[in-house]
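These are my notebook entries on one structure, written down in the order in which I looked things up. I begin with the ligand and its surroundings.

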Amino acid sequence: MTCHKRYKIQKKVREHNRKLRKEAKKRGHKKPKKDPGIPNAAPFKEQVLREAEQRKQRLEELKQKQKLARQKNLEKKRKLQAKKDATETKKHPEEKQSTMKLKAQSNRLLDKNSNKSFCRELKKVMEVSDIVLQVLDARDPLGSRCSQVEQIITQSGGNKKLLLVLNKIDLVPRENLEKWLHYLKNEFPTVAFKSSMQLKDRSVQEKKLRKKSAHVDLSRGSMCFGNECLLKLLREYCKTQDKTIQVGVVGFPNVGKSSLINSLKEVRACNVGPVRGITKCMQTVHIDKQIKMIDSPSIIAAPSNSVLALALRSTTDIEESGKLLDAVNAVLKHCSKQQIMLYYNIPDFRNSLEFLTLLAQKRGMLKKGGVPDTESAAKLLLHDWTGAKVSYHSSLPASRSLSPHLTDEVVMEMRQGFNLQELAKDNMNTINALKYPNLASSITFQSSGLTNGTIEETELTEETSDLENMETSEEAEGLSEDDQDSDEEKEAVEQETDIQTSSKTNPQKLCVENESLEKQLAGEQPRTSSFNLDETANQDDAYDFNTDYV
Ligand SMILES: Nc1nc2c(ncn2[C@@H]2O[C@H](COP(=O)(O)OP(=O)(O)OP(=O)(O)O)[C@@H](O)[C@H]2O)c(=O)[nH]1
């Protein structure tokens, strides 16, 4: 019996006794008349006493029988419930698996559609913009550059300009930032930037301003650096063009495109967050009369990229397609193990699963029964790597030559209309104004180089139709082998092949260890430990005091 039920019964007993006392009080505290017993003079006294004793015994027996019957009933009920639970738990994994597979399927369909619309919107933004700002994560500037976008803009022929914005400079050591600025400015004009991260909606901000107009928030996150430099550059370009300019902001997910626009506008005009792919469609924000900024959805990383690039630059599909362990493995392989251990404050680990287990234990990410939730730990690591906190830096490429898709003419053309000396000075001012993590505390990271993006919608449809073809062929194979299978089993085969094909698109062979780990991750679905309050309430209410309480 649960404590809850026991206490409820005790409470009801107390209430019952109180009620009896109250009624007795109402009646006027009359003492019950004492049974005078059978007078000694009465004839057959012994016989009457014996009869009374027998009656008492019979009553007792009856009560005992009733009690036993009730206990038997309860036992039966419990057994039935246990049987039901057992059959449900047998069915449960299958049901769960099938719902998981269905979920994965629908998510993939949604991804396909959203990826297509992302491509469409991105192309629109690039078409209508006079200047395109490619936002780069200062922690991995090469990895957040997309050669396809750069090619489209440089070859557009419509006097379009491309600027690089090195965002999140507060997360890299100063020495590293200076080196990267020097490297990037040889290819495109580059602005060092640190976005403001605590901007409020216009209404909230106005209310706050009205309340404390003298208050200035100088906390680190709320400050923005490099905005004046960028606006100056854009305004000067406006003057040379003598027209209102449209500035498109493009980049891979979570590099800080929306944060940059919000920082320039000084209001939370665009949605911002640590989740990838928050911006779903283009959004125009008027900075002033001359400058219109256009926020765009993130560039879709092509599946041909390395696992590392996909882990850091693709939208949510990494988290949903069960490639989490691969992604974590790739990130860990490209970092210094000692620094990772120090940053996350965990002991030495042999492989990524052990790392995730230790991380989950350290952060208290536990599933039912105290099992470490490695899936959540993997998501946390990937969030950290693209989010707003972890300081890591990548070293520059060995060769200082131009990227293969650029020529000297293109570089010269992109520089026209901008005062690069002024830009260098302003960048220096920005760099001097900010506090940086020191080199020793920042994690060293090996970048995988430029990331390929998918720009054309048709590329996506080809990929997806390839996928679908593979799926249908495998489905056919699976079905011909299992002719005698029931319909349900056939469905399961279809769904399984779906999942297999998604893993086959991954060009990297998984090592045996990782395969088993991945299976483990896929199999270790969090058991839903739902505790239905309504149910317990119903059970409790089923307790009838008049019949159950003896
Ligand atoms: N430390 C730091 N974090 C930043 C900076 N800029 C942006 N962030 C953080 O990076 C995360 C992503 O920022 P967003 O502006 O949503 O990035 P986005 O590129 O628009 O993302 P999508 O909409 O997914 O394409 C947020 O958690 C921001 O707070 C920065 O300069 N420094």
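I looked first at the ligand and found 25 residues around it, a residue being near when its C-beta atom, placed from the backbone, lies within 6 Å; of these 25, G256, S258, S259, T279 and A388 come nearest. The model is a predicted one, in which local features need pLDDT of at least 70 and side-chain atom pairs count only at pLDDT 80 or more, whereas totals for chains, interfaces and linings use all residues. I number residues from 1 along each chain as its sequence is written.

I then sorted the shell around the ligand by residue type and noted eight nonpolar, 12 polar and five charged residues, with Ala, Val, Leu, Ile, Met, Phe, Trp, Tyr, Cys and Pro counted as nonpolar, Asp, Glu, Lys and Arg as charged, and the others, Gly among them, as polar. Helix 7 (residues 257–265) supplies the largest share of this shell, three residues; helices (H or I, at least four residues) and strands (E, at least two) are DSSP runs, numbered from the N terminus.

For the whole protein I recorded 20 helices and 10 strands. Buried residues, those with 20 or more other C-beta atoms within 10 Å of their own (exposed means 12 or fewer, partly exposed in between, with C-beta atoms placed from the backbone), make up 29% of its 550 residues.

Next I checked helix 6 (residues 227–241), whose 15 residues should span 21 Å at 1.5 Å a residue, the expected span being 1.5 Å times one less than the number of residues; its end C-alpha atoms are 21 Å apart, so the two values agree. I listed N227, C229, L230, L233, L234, Y237 and C238 as its buried residues, and noted that D242, which follows helix 6, has a positive phi near 60°.

I compared this with helix 10 (residues 324–333), which is mostly covered, eight of its 10 residues being buried; L324 and V331 are among them.

My last entry concerns M365, which I found in the loop between helix 12 (352–362) and helix 13 (374–386). I class M365 as partly exposed because 18 other C-beta atoms lie within 10 Å. Leaving aside neighbours within four places in sequence, M365 is in contact (C-beta atoms, placed from the backbone, within 7 Å) with A360, P372, D373, S376 and A377. I also noted that M365 and S376, 11 residues apart in sequence, are 7.2 Å apart in space, C-alpha to C-alpha.

Note on methods. Contact = placed C-beta atoms within 7 Å.
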